[in-house]
Structure formats: C-alpha cells, structure tokens
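This report goes through selected parts of a protein structure, beginning with individual residues and ending with the chain as a whole. Please keep the sequence and the model open while reading.

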Amino acid sequence: MLQMGAARDLRTGSDLDSPEVLAFDRVDITLTRTREILKISATPSRPGIESLVGARAGGHLRAAIGEALPTEAEAGTPLYLLLDDVGGASLVAPFAWAQWNGQTRQQITDTLDLAVLRRKMEGVCIGFAPGSSALGPSRQSQDRHREVPPLESPADPYGWHELTEWHEVSARRARCIDVWFEGEDIVISAFFQDSAVTQSGKRCAVHEYLLSARADRHTATLRAISADPRILPFDVCPSAILNIGRMIGTPLAGLRRAVVEKLPRTDGCTHLNDMIRALAEVPQLAAALAYVKAMSRPEE
C-alpha cells in the first residue's frame with residue numbers, strides 16, 4: 001500500500017494580494033498489507049522519521065511518532081497531522097476495492113467468520129457498541145455511502161491545495177480546518193471526508209463530517225462545539241454527536257488526550273474523535289493570525 005499526504009497552513013485576507021503559505025509538509029509511505037511501515041520520507045526532511053520503519057499503523061503508532069519526532073506535535077506542524085492520520089486512513093483505505101469489484105459490504109463480510117468479525121469490532125466505537133444493529137445480519141441495509149462532488153469550489157479557490165486525481169483503485173482522506181477571529185472568540189470550521197474513486201471516475205464517500213467550534217481567544221479553551229454527520233456507514237453512527245459537549249471547557253492544546261478520556265470507545269465515533277483531536281493544531285494557527293494583526297496595527 002502506498003500512502004501519500006500533503007498539508008499546508010495558508011493565510012488569506014484582504015491585506016494580501018495572494019494567499020501566504022505559512023507551512024507545508026509532504027509525507028510518502030509504503031506499507032505492507034498488514035500496515036507495517038516499509039519506507040517513509042518527509043519533505044522537508046525530518047531527522048528521525050526513518051525510525052518509524054517497522055512500526056504498524058494502528059499498533060501504538062502515535063506513541064512511536066512521539067518518540068521519533070518529539071517536537072512535531074507541540075509545534076502543531078502539518079507533518080504531525082499527516083502522520084497522526086496514517087493509522088485511520090490506512091484502516092479505511094480497503095473500502096476503495098469495493099468500488100471496483102462490485103462487491104457490497106455484505107458480500108465482503110460474508111466471506112469472513114461473522115463471529116470473529118464481531119469480536120474484533122465490538123466495542124470499538126458507538127457504531128459497534130454491543131447489541132448494535134451494525135454488527136448484525138441487517139447491516140448491509142444501513143450502508144449509506146454515496147457519490148460526492150469534487151471538493152474544489154470556484155467560490156473558494158484557495159480552499160484546497162492541488163489534489164491529485166487517481167484513475168485506478170485509490171482512497172483519499174481530506175481535511176480542512178478554517179480559523180478566524182470574531183470578537184473574543186476563535187471561530188473554527190472543520191471538514192473531514194473519506195472517499196474512494198469509483199470505476200466510473202466519480203467519488204463515493206464513506207465518512208463525511210462538518211464540525212463547528214468556538215474557543216476563548218485569550219485562553220484557547222473550547223467554548224462551544226457541534227457536528228453535522230453528513231455521511232456515515234450505519235444508522236447508529238450519528239448518535240456520537242450527542243456526547244461531544246463533554247469537550248467544552250477543554251484547552252485546545254489538550255484535546256488529543258482529552259478526547260480519549262471523555263469520548264472513549266462506545267461513547268464516541270472514531271472519525272469524529274479524529275476531527276476533535278486535530279483541533280489541537282488550532283492554537284498555532286490562531287497565534288499566526290494574532291501575530292499578523294499585531295504587526296499590522298499602526299503605531300500610536
């Protein structure tokens with residue numbers, strides 16, 4: 001499996017003739033079928049990243065990233081967000097094959113021992129809580145994957161960096177986190193989508209969320225948060241949004257740890273939790289905006 005990721009921090013504004021790229025990172029990874037890292041490189045390069053060779057995506061990879069690149073998380077670099085997504089993105093990626101071989105989720109899982117599948121998935125998230133219909137024989141009728149339009153929009157020409165379009169079996173995880181100030185608030189709008197290219201050349205999404213939040217501009221503490229679950233695999237999945245109010249009052253920088261404590265396993269959705277974790281990057285984005293505003297004030 002080949003995994004390629006790119007991320008940037010971009011500032012836009014009426015004071016700019018064109019957007020300003022504040023940071024950019026790219027990562028290229030080769031993984032085995034069982035998701036062990038065979039090769040990994042970053043651009044710009046980072047000393048120590050090669051020590052992640054042999055680590056398994058989903059097998060305590062985040063701890064390995066912290067040991068190999070201890071300053072990336074605190075600095076809120078695009079590279080850290082890319083590496084943090086390796087486990088989740090590689091887990092979802094096999095969904096892409098179903099868009100080419102005509103198999104439904106039901107047909108794929110029918111080839112597996114259902115009892116084994118249940119043991120592996122039960123309790124992982126709210127969708128697979130014990131007793132959930134997503135674990136039962138009727139799960140196929142709940143599948144809600146659907147075709148989605150291109151992410152790029154003429155209304156927001158700078159909203160996405162250039163997205164590579166593949167014409168063979170491939171999956172894509174896309175994120176966007178917009179940050180701006182309103183009075184004493186940091187306002188946040190975040191988007192998340194897992195999709196795959198179909199044999200017809202169009203895209204089918206399996207996960208899509210829109211998240212809105214506000215944080216105190218001075219303390220960077222979460223004041224409000226809500227989520228719109230647009231596309232999820234099973235009927236029970238959207239109920240995870242009912243619990244996210246637990247995160248209010250948490251410092252943004254502490255969200256990576258707090259989300260595990262406050263929305264564990266069947267209290268949360270894996271993908272929604274990933275979105276909330278990513279908001280730990282917001283203080284660095286807000287600091288860049290605050291610095292620019294301070295520098296642009298006329299001298300008194």
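## Arg175 and its surroundings

Arg175 is found in strand β5, in a model that is predicted. With a relative accessibility of 18%, Arg175 counts as buried, because the cut-off for that class is under 20% relative accessible area. Its side chain makes a polar contact of 2.7 Å with the side chain of Asp85.

When residues up to four places away in sequence are not counted, Arg175 touches Leu81, Asp85, Trp160, Phe191, Phe192, Asp274, Met275 and Ala278. Asp85 therefore appears in this list of contacts as well as in the polar contact of the Arg175 side chain, a pair for which the limit is N or O atoms within 3.5 Å.

## Arg172 in the strand

Strand β5 is also the place of Arg172, which counts as buried at 13% relative accessibility. The side chains of Arg172 and Glu165 are joined by a polar contact of 3.3 Å.

Leaving aside neighbours within four places in sequence, the residues in contact with Arg172 are Leu151, Leu163, Glu165, Gln193, Asp194, Ser195 and Arg203. Leu151 is one of the residues in contact with Arg172, and Leu151 is also one of those in contact with Trp160.

## Trp160 in the loop

Trp160 lies in the loop between β4 (146-148) and β5 (171-182). Is this loop residue buried or exposed? Trp160 is buried, its relative accessible area being 18%. The side chain of Trp160 reaches the backbone oxygen of Leu151 at 3.5 Å.

Apart from neighbours within four places in sequence, Trp160 is in contact with Arg8, Leu151, Glu152, Ala174, Arg175, Cys176 and Phe191. Trp160 and Ala7 are 153 residues apart in sequence, while their C-alpha atoms are 9.4 Å apart in space.

## The sheet of β1, β2 and β3

An open sheet is formed by 3 strands in the order β1-β2-β3, and their pairing is antiparallel. Because β1 (2-11) and β3 (37-43) stand at the edges with a single partner strand each, one side of each is left without a neighbour in the sheet. From one strand to the next, the twist averages 10 degrees.

The antiparallel strands β1 and β2 are joined by 10 bridges, and the bridge partner of Arg11 in β2 is Glu20. On the other side of the pairing, β2 (residues 20-31) and β3 pair in the antiparallel sense over 6 bridges. Looking along that pairing, Arg26 has Thr43 in β3 as its bridge partner, Val27 stands opposite Ala42 in β3, and Ile29 stands opposite Ile40 in β3. The hairpin of β2 and β3 has 5 residues between the strands, and in this hairpin Arg35 takes a positive phi near 75 degrees.

## Two helices and what covers them

In helix α1 (residues 61-68), the buried residues are Leu61, Ile65 and Ala68. Seen down the axis of α1, these buried residues fall within an arc of 70 degrees, so they line one face of the helix. What do the buried residues of α1 pack against? They pack against β3, α3 and α4 (86-92), and β3 is also a strand at the edge of the sheet described above.

In helix α8 (residues 255-262), Leu255, Arg256, Ala258 and Val259 are buried. The cover of the buried residues of α8 includes α2 (72-75), α3 (78-84) and α9 (270-278). Helix α3 thus has a part in both settings, because it is among the elements that the buried residues of α1 pack against and is included in what covers α8, contact being heavy atoms within 4.5 Å.

## The chain as a whole

The protein chain contains 10 helices and 8 strands. Of its 300 residues, buried residues make up 45%, and its accessible surface comes to about 15,900 Å², with 55% of that belonging to carbon and sulfur atoms. Among the contacts between residues at least 6 apart in sequence, 56% join residues at least 24 apart.

Notes
Residues numbered from 1 in each chain as written. Predicted model: local features only at pLDDT ≥ 70, side-chain atom pairs only at ≥ 80, totals over all residues. Heavy atoms only, no water. Pairing = 2+ DSSP bridges. Helix = DSSP H or I, 4+ residues; strand = E, 2+ residues; numbered from the N terminus. Axes fitted to C-alpha atoms, helices over the stretch in contact; angles between N-to-C directions. Buried < 20%, exposed > 50% of the residue type's maximum accessible area, 1.4 Å probe, protein only. Areas by Shrake-Rupley, 256 points an atom, 1.4 Å probe, with all protein chains shown as cover. Polar contact = N/O pair within 3.5 Å; in protein donor to acceptor, adjacent residues only side chain to side chain. Arc of directions from axis to C-beta.
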